[in-house]
Amino acid sequence: MSALQPVRGTRDLFFRDAELYTRIADLARQMARLYGYSEVYLPIFEYTEVFARTLGETSDVVNKEMYTFEDKGGRSLTLRPEFTASIARSIISNGLYSRLPLRLFTAGPLFRYEKPQKGRYRQFNQINFEVLGLHSHVVDAEMIALAKNILDALQLDDCILELNSLGDITSRASYTVALCEYLSKYEAELSEDSQMRLKKNPLRILDSKSENDQKLLKDAPTLQNYLSKESKLFFDGLLKNLDIIGIKYVINDKIVRGLDYYTDTVFEFITNRLGAQGTVLAGGRYDGLFSIMGNKNVPAVGFAGGIDRLMALCDENYQDKPKGFINVFTLDPAYSSYGLDVALMLREANIPTILDDVRDIGKAIKKALENNAKFIVFIGESEVSKKVVKLKNLDTREELELPISQLMSEIKKYEF
Ligand code: HAM
């Protein structure tokens with residue numbers, strides 16, 4: 001029955017996967033604190049307009065990938081495909097202009113109707129960082145440093161930083177004219193997608209996956225030659241800062257990003273370990289987004305990391321949590337109140353404890369090992385009558401009979 005399977009492109013995370021997810025989200029949260037970000041929690045759905053106008057009407061996300069539905073009141077709503085537009089909306093609707101500049105962090109699930117494959121899901125997860133209200137290449141450099149810190153903390157030093165400048169709105173406009181002029185000579189030879197983009201969003205042709213398109217682009221005008229004086233100074237400033245803080249990069253003038261709100265800095269951390277879905281962390285500056293939303297302009301920069309892709313990269317090296325549980329077993333339900341007392345006492349001392357009832361000692365040991373337990377406490381008839389417990393160390397297999405009062409001092413010799 002298909003209803004009992006997870007929906008295509010979604011997955012359940014258990015055990016080691018769930019731990020790895022939490023570890024990555026916690027690390028990002030810690031890094032956010034270190035860099036002075038506040039955490040925000042936003043709704044999972046928004047009015048469709050929040051995304052449709054801002055991400056670009058010709059972008060793949062808006063065109064093909066949004067989970068859009070009408071609610072019972074006839075409103076068009078969309079499950080968030082990304083965080084940035086929601087964050088901008090939240091600044092406007094909460095009247096936070098007077099609190100700018102703001103550094104905001106958020107994490108959680110997002111939804112895109114894409115073709116599922118390794119590293120690409122329909123429900124996926126991001127860690128997301130935004131700085132709103134500042135236009136400075138120092139802020140961009142710090143943003144990139146934060147992203148690099150996360151990769152380093154996860155020991156993912158094989159990710160390469162690629163960056164580019166898309167220029168400000170004027171630079172982009174004059175470059176778009178030049179690119180269209182050049183490409184229209186080859187229109188018939190371009191891939192179908194690129195022919196469509198030539199009319200609607202020519203810059204996206206630059207990151208076309210078609211080999212022939214890339215051949216045709218070899219002699220195309222380059223964006224760098226069309227940057228305004230301000231954009232050029234901004235980009236040079238960023239590169240200088242990255243050199244000063246020792247972050248290596250490759251300039252890739254083909255990076256345009258799939259969402260339309262970017263201006264000036266764009267960057268991606270890329271790996272070759274995930275096949276076609278190699279972009280792990282990505283973002284850039286979006287100084288025009290608030291004006292697209294019809295509001296007072298706010299310069300901003302940010303990036304998001306794909307938690308699912310980070311998980312896939314960390315998977316091989318990830319060490320399970322060290323054993324840290326105590327499994328208390330009552331050998332008959334008649335001893336459950338004795339068991340409850342012992343478990344409560346252990347938890348009061350901050351020792352993670354699972355209480356179970358089991359008849360068979362062999363099964364109890366198997367269960368405890370599955371639970372990642374370090375010790376077992378057995379409570380049977382003789383323990384209850386003597387007011388003791390039997391403590392079994394699962395590493396050494398040693399057993400001790402102890403009065404309850406001594407259980408704590410024995411266990412406290414170990415780390416949990
Ligand atoms: P994005 O490039 O669309 O940017 O997504 C950022 C990252 O999310 C990707 O590099 C990838 O790791 C992960 N990702 C995207 N789609 C999927 C998917 N279907 N399955 C698994 N992982 C995925 C943004 O979303 C921008 N809002 C980033 C940003 C923040 N720019 C400025 N601020």
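A residue counts as near the ligand if one of its heavy atoms lies within 4 Å of it. Keep that cut-off in mind for the opening stop; the model on screen is a predicted one.

**Stop 1: the ligand**

Select the ligand and show what lies around it. By that cut-off, 26 residues surround the ligand. The closest are E82, E114, Y121, R257 and Y262. Colour the shell by residue class: 10 of its residues are nonpolar, nine are polar and seven are charged.

Next, pick out three polar contacts one by one. Start with R112, where an N or O atom of the side chain is 2.9 Å from an oxygen atom of the ligand. Move to V280, where the backbone takes part: one of its polar backbone atoms is 3.1 Å from a ligand oxygen. Then go to G302, which has a polar backbone atom 3.5 Å from a nitrogen atom of the ligand.

How much of the ligand does the protein bury? Taken alone, the ligand exposes 660 Å², and 95% of that is buried by the protein. Now select strands β6 (123-132), β10 (279-285) and β11 (300-306), the elements that give two or more residues to the shell. Of the shell residues, β10 supplies the largest share, with five.

**Stop 2: helix α4**

Select residues 84-93, which form helix α4. Of its 10 residues, eight are buried, leaving the helix mostly covered. The buried ones are T84, A85, S86, I87, A88, R89, S90 and I91.

What do these buried residues pack against? Display β2 (45-47), α2 (48-52), β5 (102-111), β6 and α10 (289-292) to see their partners. Strand β6 is already familiar from the shell around the ligand. Just after the helix, click on G95, which takes a positive phi of about 55°.

**Stop 3: the nonpolar cores**

In soluble globular proteins, nonpolar side chains tend to be buried together. Here, the largest nonpolar core has 45 residues. Select F129, I144, I150, L163, F269, F303 and L310, which have the most contacts inside this core. Then add helix α5 (residues 137-153), which contributes nine residues, the largest share of the core.

Centre the view on I144. Apart from neighbours within four places in sequence, I144 is in contact with L161, L163, L238, L242, I247, F267 and F269.

To finish, select L42, F51, Y286 and M293. These belong to a second core, separate from the one just visited, with 43 residues.

Terms used: Residues numbered from 1 in each chain as written. Predicted model: local features only at pLDDT ≥ 70, side-chain atom pairs only at ≥ 80, totals over all residues. Heavy atoms only, no water. Core = buried A, V, L, I, M, F, W, Y, C linked by side-chain atoms within 4.5 Å. Buried < 20%, exposed > 50% of the residue type's maximum accessible area, 1.4 Å probe, protein only. Helix = DSSP H or I, 4+ residues; strand = E, 2+ residues; numbered from the N terminus. Contact = heavy atoms within 4.5 Å. Polar contact = N/O pair within 3.5 Å; in protein donor to acceptor, adjacent residues only side chain to side chain. Areas by Shrake-Rupley, 256 points an atom, 1.4 Å probe, with all protein chains shown as cover. Nonpolar A, V, L, I, M, F, W, Y, C, P; charged D, E, K, R; others polar.
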